[in-house]
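Biologist: Could you put the model up and talk me through how its labels were earned? I'd like the reasoning as well as the verdicts.

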Amino acid sequence: MTRTHPRVGPLVARTAAAPLDVDALLDDPGTGIIVCCGSGGVGKTTTSAALALRAAERGRKVVVLTIDPARRLAQSMGIEALDNTPRPVAGLVGAADHGGSLDAMMLDMKRTFDEVVEAQASPEKARQILENPFYVALSSSFAGTQEYMAMEKLGQLQRDAQAAGTYDLIVVDTPPSRSALDFLDAPERLSSFLDGRFVRLLLAPARGPARIMTAGLGLVTGALSKILGGQFITDLQTFVAALDTVFGGFRARAQQTYALLQAPGTAFLVVAAPEADALREAAYFVERLAEDRMPLAGLVVNRASPPPQGELSADEAMAAATRLRRDGASATAPLTAGLLRLHADRQRMVEREAALRERFAAAHPSVATAVVPALAGDVHDLAGLRVVGELLADQPS
Amino acid sequence: MSSDWPGVRLHVVTGKGGTGKSTVAAALALALAAQGKDVLLCEVEGRQGIARMFDVDPLPYAERRIATGLVSNGAPAGVVHALHIDAESALMEYLSMYYRLGRAGRALDRFGVIEFATTIAPGVRDVLLTGKVYEAVQRNSRNKGAIDYDAVVLDAPPTGRITPFLNVSDELAGLAKVGPIKNQADTMMTLFRSPRTAVHFVTVLEEMPVQETADGIAHLHEAGLPVGGVVVNQVRPRDLRVKDLAAARKGGLDRGAIRSDLEVAGVEVTDGLVDGLLDQARDHAIRRALEDAQRTLVKGMGVPSYELPRLSAGIDLGSLYELAAALRDQGMA
């Protein structure tokens, strides 16, 4: 396929974003963790998998943690069984010659949570927690649990990798958060819940007969019982009391993972599509990462419309299509008119996307950017991932 | 043209991230607000997407008039109102509407219970959000002076979360086994399971979103929730004929003929331009073949489907009306 040169024109000339050098990032032995974040539906999973494959085939020992891959992609990587353990991916090209390897796993949120509880509490206590209705709901549906568990699994993988030397690069896909906050705040949110005033008050009577329930709490539990039913408070109290024993462990791990994310070996890639909403979310991510002093490597814009060849503008193409429909006598005239309209459509998309990217770059000029053109087909095998990896690396300098 | 959903008061719009569900929800609200009808468009995910789409200030927890509906057959259009629902406000409103908690109500806030209940107690958050939606559909005498809407459109959480989101009584089961909240959840389920509710899915013609739509429909069926239609969004232009598509896929288009057509059309022809057009034709043909395969899957889902074009210039208020008209013409509203 011939790659076209970027359009030269007023829109493109002002785009200040430096190209992202993906291969330099992947080849740098100092890069230990790559986190791909971004809003839902922008191709984070594909980007993560493509980066992991490319790194492995260039000689890194890689593990990729995916959240919710498309079924066929998961099958092609051999990870459709959700067992929460990294599995070797077969079919790599040239990785062995360079000492590279690729393992992949799909996150099982509930199981990861269960494992944390089991590791932190005595078997008796663990059973109590795992059976509590609050725990069941919290571990499977609390907004933020998935984010927290992805980070927890990342911490585990990193500790194992350091101990056993199994991996030198971990690539993490993140859950499709409703907002950037969910993902960065999940550890904080969980520990602030555990430290929360209400939770401490609920715990107070459990901690010793000497503590007298305050009048305020009596009012509160009274009101809650009235609305939610008495059993609610009892279950909640049991849950909180049982979880109390593992509080320390949770909080310490949340802080460790947070520190790990801030460490220089971590590189964040914000993934977006060339849509106003996705780029707005991306801008928000970039700002949040900077605020939290998280190392940002760059922005990946997926599914960009590839610029059409030739100098024909959208308006010229539409005018020509109209003339052809009116004057064209040949059998192929409708076809050619159709091609011209497609060209105009593509040209308009390219211009709109360039304007959106330019606006992003104007607000965030220091963010290196990789633009990945949309592929004609879906990506569902290693060959497809390899193509995406090449496109990621092949940025005009 | 009559609507496919005449008895439906609550239209729930879900879809995978990136498929444009908020856009479709907004367009549907405009389309429903024809012929003097009052429509409420609700969002529950704190994104203020409605405000951005309609170019108004961020919405508070109050019903605001945001747009005039689609004009239909010269009949006077109705009005679209919007409501941004957040769990904290919904809980406070609920408490003041149903309980005279007085000092205890303020204590709830002071002790962080409101925050606790809305951020962490799972299921409760969803019950509060859906509870407000329920109240908007089924106005009661406690909410004095409230508008009685002809239809309510909910820009709902994405496909993966929609069934637990609406299946509130199951979600609460085990947490609140008795008490007024439980009764309230059961009453809400009666509406959500009735033919007055329809859950519509938004998808694009790609493998994953279509698969998620099929899974989502199956989950709704299992939960006894009413499945509405499928809105296929961002459909590519269909400028090429079927036989041309087949030839384009194989690289078999007549280069010489296209070249002379371009000359007839007065275009300055270069080899690069012709190469570019042929490349685009091939990409387009491959995409179209994939789209057709996915469209067949959508048609096989056994529910009405509607198609909206991909707008190469992006979405603005004007284009929302265009999409609304397309939905009405296809019988969705």
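Modeller: Chain B has 14 helices and 8 strands, and keep in mind that this is a predicted model. Of its 333 residues, 58% count as buried.

Biologist: How much surface does chain B expose, and what share comes from carbon and sulfur atoms?

Modeller: About 13,200 Å² is exposed in chain B, and carbon and sulfur atoms supply 51% of that. As for the contacts in chain B with a separation of 6 or more, 73% are between residues 24 or more positions apart.

Biologist: What makes R326(A) and D327(A) a salt bridge?

Modeller: Their side chains meet at 3.1 Å, N to O. The cut-off is within 4 Å, so the pair qualifies. By this rule there are 35 salt bridges over all chains.

Biologist: Why is R326(A) called exposed, and what does D327(A) count as?

Modeller: R326(A) has 60% relative accessibility, and exposed means over 50%, so the label fits. D327(A) comes in at 42%. That falls between the 20% and 50% limits, so D327(A) is partly exposed.

Biologist: And what about D275(B) and R255(B): how far apart are their side chains in the salt bridge?

Modeller: That one is 2.9 Å, N to O. The pair links distant parts of the chain, with D275(B) in helix α13 of chain B and R255(B) in helix α12 (residues 255-264) of chain B, 20 residues apart. D275(B) has 32% relative accessibility and R255(B) has 33%, so each is partly exposed under the 20% and 50% limits.

Biologist: Which residues do salt bridges with shared partners join into one network?

Modeller: E63(B), E93(B), K132(B), E135(B) and R139(B). Within that group, the side chains of E135(B) and R139(B) meet at 3.1 Å, N to O, and both residues are buried.

Biologist: Now E43(B), in strand β2 (residues 38-43) of chain B. How do you know that E43(B) has no salt bridge?

Modeller: The nearest side chain of opposite charge is R47(B), and it is 7.0 Å away. A salt bridge has to be within 4 Å, so E43(B) is left without one, even though it is buried.

Biologist: What does the side chain of E43(B) make a polar contact with?

Modeller: With the side chain of H84(B), at 2.9 Å. The limit is within 3.5 Å, so that pair passes. A polar atom of the E43(B) side chain also lies 3.1 Å from the backbone nitrogen of G49(B). Leaving aside neighbours within four places in sequence, E43(B) is in contact with several residues, including I50(B), L59(B), L83(B) and D155(B).

Biologist: Last one: how does the reach of helix α10 (residues 207-223) of chain B compare with what is expected?

Modeller: Its 17 residues reach 24 Å from first C-alpha to last, close to the 24 Å expected at 1.5 Å a residue. After α10(B) comes G224(B), whose phi is positive, near 70°.

Biologist: Which elements do the buried residues of α10(B) pack against?

Modeller: On chain A, α4 (71-76); on chain B, α7 (159-166), β6 (197-203), β7 (227-235) and α13 (271-299). Among the buried residues of α10(B) are V210(B), I217(B) and L220(B), along with E207(B) and E212(B).

Terms used
Residues numbered from 1 in each chain as written. Chains lettered and ligands numbered in written order. Predicted model: local features only at pLDDT ≥ 70, side-chain atom pairs only at ≥ 80, totals over all residues. Heavy atoms only, no water. Helix = DSSP H or I, 4+ residues; strand = E, 2+ residues; numbered from the N terminus. Buried < 20%, exposed > 50% of the residue type's maximum accessible area, 1.4 Å probe, protein only. Lys, Arg positive; Asp, Glu negative; His and termini not counted. Polar contact = N/O pair within 3.5 Å; in protein donor to acceptor, adjacent residues only side chain to side chain. Contact = heavy atoms within 4.5 Å. Areas by Shrake-Rupley, 256 points an atom, 1.4 Å probe, with all protein chains shown as cover. Expected span 1.5 Å × (residues − 1).
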